[in-house]
Amino acid sequence: MQFRKPLFAVAAVAALAAPAAIAHRMWLLPSSTVVSGNDNWVTVDAAVSNDLFYFDHRPLGAVPTITQPDGSEGKAEHHNVGQFRATFDVHLTQQGTYRIAVVNQGVFGRYTLNGETKMLPRGTTKAQLASVIPAGATDVQTSETLMRNEIFVTQGAPTNTVFKPTGQGIELVPVTHPNDLVSNEPATFQFLMDGKPASGLYVTTILGNGRYRATQKQIDLRTDAQGKVTIKWPEAGMYWINVTPNAPQPEGEGPRPQAQGAGAPRAPGGPQGMGGVPSGRRVSYTTTLEVLAP
Amino acid sequence: MQFRLTGLTTAALGAGALLPNAAAAQTMDLSIELPRMTVAEYHKPYVAVWLEKEGQAPRTLSVWYDVDKRGGEGTKWLHDVRQWWRASGRTMSFPADGISGATRAPGVQKLRLVAGKGGMPALTPGQYTLVVEAAREVGGRELVRLPFTWNGSSATAAAKGASELGAVSFTLKR
């Protein structure tokens, strides 16, 4: 994507940085979450849409990262990006819990050099920041994005190696294992922000299959002082969980200011609204949990 | 543990003690009715039988599934016996000696479990629940719970399923 006019570029970056928070829901939907035996496959649908879990808008085409129960990296096979959804398969050969993740991480931003406004190249990472901003640049504004979307699949008995926190963005620590959920038992999860328990995060829980009922079946919770949240499942099914530092935004509304609390540290840079680069940081955590009937 | 103790006792008392000791072993006679279904596609259900006691890990006594399928394929659907899979099955490896068995036909199925053999432990007095769960391919899943008190000499319990299980009962003696 080549931008010739800075103004266009600014608008485009603002739009790129925003989609998950503003409009549609990104989701990963596994064919199974609890499997038995020693050699199984699961297939995963990956898409972006309003209604869960109907692929009717855009695919989530990023290549996922697979972490196997022993901590080694696995492989996403048969990856295919279609019009409405991406699909891929994971071959389960180990006993224990697998993590399947799509992590959207990057830095958006701009700077002024010799009176000209330049955008940071697409795909810039936090580590590259120092090298992509030339000496003498002024009015540097950056916005970090770290949107983690991950699901879990367990072959045999659940294990915990894949939950070892990286210390970056929002992460889930099981109190209840995400592959040990039954509708008549409340589940507790702890959420970390940059490796530390994060209180006051907004946790949105939505039951899938919304097309066939009139209400969303949405549960809105906040994490407690230990970063924990307890979810009482209304029924068995596939649930979409989204965790953000800021109050989730109603559908169809325009951009809103980022919260500036401890959960969302502001990046150094100019004030809000200068040229449309969102200042601060965009972090979120999304997962899909299968809750089985007792 | 209990099994080894019995063995030691037997050795200590000599061969003469073997017979009375064996006769005194706890024996559970279990009867499980699998209803005859009038359905277009019928597959014999997977059935799991396990024992629960408060504060102890559940013990699987018997599992009926497609044990003979090539390449361990039969284990692929074990998780469909869902409550059992969660309670006990997922921590086991298959085939499980003295526990795994073939699926059984509709009708009344009898099973004799002797303490110290297969999955059957020797019971200490207390409150227990025997659980039987059946899950059928292209069918339903049902679970029957039989709580009982083991006083050291005898116990019996009976319950009835509504869909995938008929009458389930047992007598436990020593």
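Start where the two chains meet: between chain B and chain A there are 3 salt bridges, each one a side-chain nitrogen of Lys or Arg within 4 Å of a carboxyl oxygen of Asp or Glu. Before you click on, note that this is a predicted model, where local features need pLDDT of at least 70 and side-chain atom pairs count only at pLDDT 80 or more, while totals for chains, interfaces and linings use all residues. Residues are numbered from 1 along each chain as its sequence is written, chains are lettered from A in the order in which they are written, and side-chain values use heavy atoms, without hydrogens or water.

Now select Arg90(B) and Asp180(A). Their side chains form a salt bridge, 3.1 Å from N to O.

Next, pick helix α3 of chain B, residues 82-87 (helices are DSSP runs of H or I, at least four residues, numbered from the N terminus). With 4 residues, helix α3 gives the largest share of the side of chain B that touches chain A. That side of chain B splits into 3 nonpolar, 4 polar and 5 charged residues; here Ala, Val, Leu, Ile, Met, Phe, Trp, Tyr, Cys and Pro count as nonpolar, Asp, Glu, Lys and Arg as charged, and the others, Gly among them, as polar.

Zoom out and show the whole contact (heavy atoms within 4.5 Å). Chain A brings 15 residues to it and chain B 12.

Last stop: Arg25(A), in strand β1, residues 25-30 of chain A (strands are DSSP runs of E, at least two residues). Arg25(A) counts as buried because its relative accessibility is 13%, and buried means under 20% (1.4 Å probe, protein chains only).

How values were computed
Buried < 20%, exposed > 50% of the residue type's maximum accessible area, 1.4 Å probe, protein only.
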